[in-house]
Amino acid sequence: NHMITYFEELMQEEQEELRVVIQLLYRQTFLLERKYDKKSRRLVFNKDYRVAERHLPFIREYLDIAGIELKENPQTGLLYIQGENLMGDKLPKLATLYLLVLKIIYDEQMSAASTSSNVYTTLGDLNERLGSFGVLDAQPSYTEKKRALALLKKYQIIEPLDGMEELDFESRLLIYPSVSMVLLGDDARSILNTFGEDRNDDDE
């Protein structure tokens with residue numbers, strides 16, 4: 001089998017890199033071409049994306065066996081996977097709600113700007129938008145907000161540009177194009193509305 005040969009002929013370090021990238025794709029369903037670098041304060045090439053690009057035919061074939069399709073979106077700089085039984089990790093409610101609002105902000109800014117695929121917002125704007133949908137019974141605590149943002153950072157949906165230590169209204173957030181992957185084909189607004197309806201039914 002040429003796939004096995006291909007893998008075995010790689011140097012051990014390359015095998016390890018490839019393994020890491022495939023596991024990453026399974027876990028978060030996408031890879032970003034560029035990620036924010038704190039030191040240089042700009043977006044730089046993501047090493048994992050480079051590895052994936054180098055071994056693209058192999059990864060594509062490997063995932064194909066599992067019934068998973070590997071797709072590329074050069075405009076937004078994303079590699080992502082799609083398949084029937086793919087389930088990423090489940091996010092807690094506040095993180096999910098943030099995600100939906102981030103998607104709305106991202107879509108609005110993208111339709112307004114023709115060039116850049118970088119979208120920025122602030123924590124104040126995010127919370128204000130969320131409040132306007134009326135899906136929360138009570139205002140989440142600072143700790144809950146921080147935890148939700150930390151999760152979204154971990155999953156490379158956002159990058160808090162001013163760090164996670166002191167979060168306030170002014171804290172700037174970079175929204176990665178991956179936000180559009182997480183909710184493929186789902187209208188964020190209608191999902192937010194169902195959250196609002198659920199709230200009237202029960203106090204989950």
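Here is a short tour of the structure above, one selection at a time.

**Before you click**

This is a predicted model, where local features need pLDDT of at least 70, side-chain atom pairs count only at pLDDT 80 or more, and totals for chains, interfaces and linings use all residues. Residues are numbered from 1 along each chain as its sequence is written, and side-chain values use heavy atoms, with hydrogens and water left out.

**Stop 1: the whole chain**

Show everything as a cartoon. You'll find 9 helices and 8 strands; these are DSSP runs numbered from the N terminus, with at least four residues for a helix (H or I) and at least two for a strand (E). Switch on the surface: the accessible area is about 11900 Å², and 48% of that belongs to carbon and sulfur atoms. Those areas come from the Shrake-Rupley method with a 1.4 Å probe; for residues, only the protein chains shown count as cover. Of the 204 residues, 42% are buried. (Buried is under 20% relative accessible area, exposed is over 50%, and partly exposed is in between, with a 1.4 Å probe and protein chains only.)

**Stop 2: two crossing helices**

Now select H5 (residues 93-112) and H7 (residues 142-154). How do their axes cross? They come within 9 Å and cross at roughly 65°, and the crossing is right-handed. The axes are lines fitted to C-alpha atoms, for helices over the stretch in contact, and angles run from 0 to 180 degrees between N-to-C directions. Right-handed says that the near helix is turned clockwise from the far one by less than a right angle; anticlockwise would be left-handed.

Show side chains at the contact (heavy atoms within 4.5 Å). Leu-94, Ala-95, Tyr-98, Leu-99 and Leu-102 come from H5, while H7 brings Glu-144, Lys-145, Ala-148, Leu-149, Leu-151 and Leu-152.

**Stop 3: the nonpolar cores**

Keep Tyr-98 selected. Which residues does Tyr-98 contact, leaving aside neighbours within four places in sequence? Among them are Leu-123, Leu-126, Leu-130 and Leu-149. Tyr-98 is also one of the residues touching the most other members of the largest nonpolar core, which has 36 residues. (A nonpolar core is a set of buried Ala, Val, Leu, Ile, Met, Phe, Trp, Tyr and Cys residues joined through side-chain atoms within 4.5 Å.) H5 gives the most to this core, with 10 residues. For a second, separate core of 19 residues, pick out Leu-18, Val-21, Phe-58 and Leu-70, which are among its members.

**Stop 4: a hidden serine**

Zoom to Ser-178, in the loop between E8 and H8. Is Ser-178 buried or exposed? It's buried, at 0% relative accessibility. Show Phe-30, Leu-32, Leu-78, Gln-156 and Ile-157, its contacts beyond four places in sequence. Then draw a line to Lys-103: the C-alpha atoms are 9.4 Å apart, although 75 residues separate the two along the chain.

**Stop 5: two unusual backbones**

Most residues other than glycine have a negative phi. Select Thr-29, in the loop between H2 (12-28) and E1 (30-32): its phi is positive, near 65°. Next, go to Arg-41, between E2 (34-37) and E3 (42-45). Arg-41 also has a positive phi, about 55°, and is exposed at 67% relative accessible area.

**Last stop: Arg-50**

Finish in helix H3 (residues 47-54), where Arg-50 lies. Arg-50 is partly exposed, at 43%. Its C-alpha is 9.9 Å from that of Arg-34, 16 residues away in sequence.
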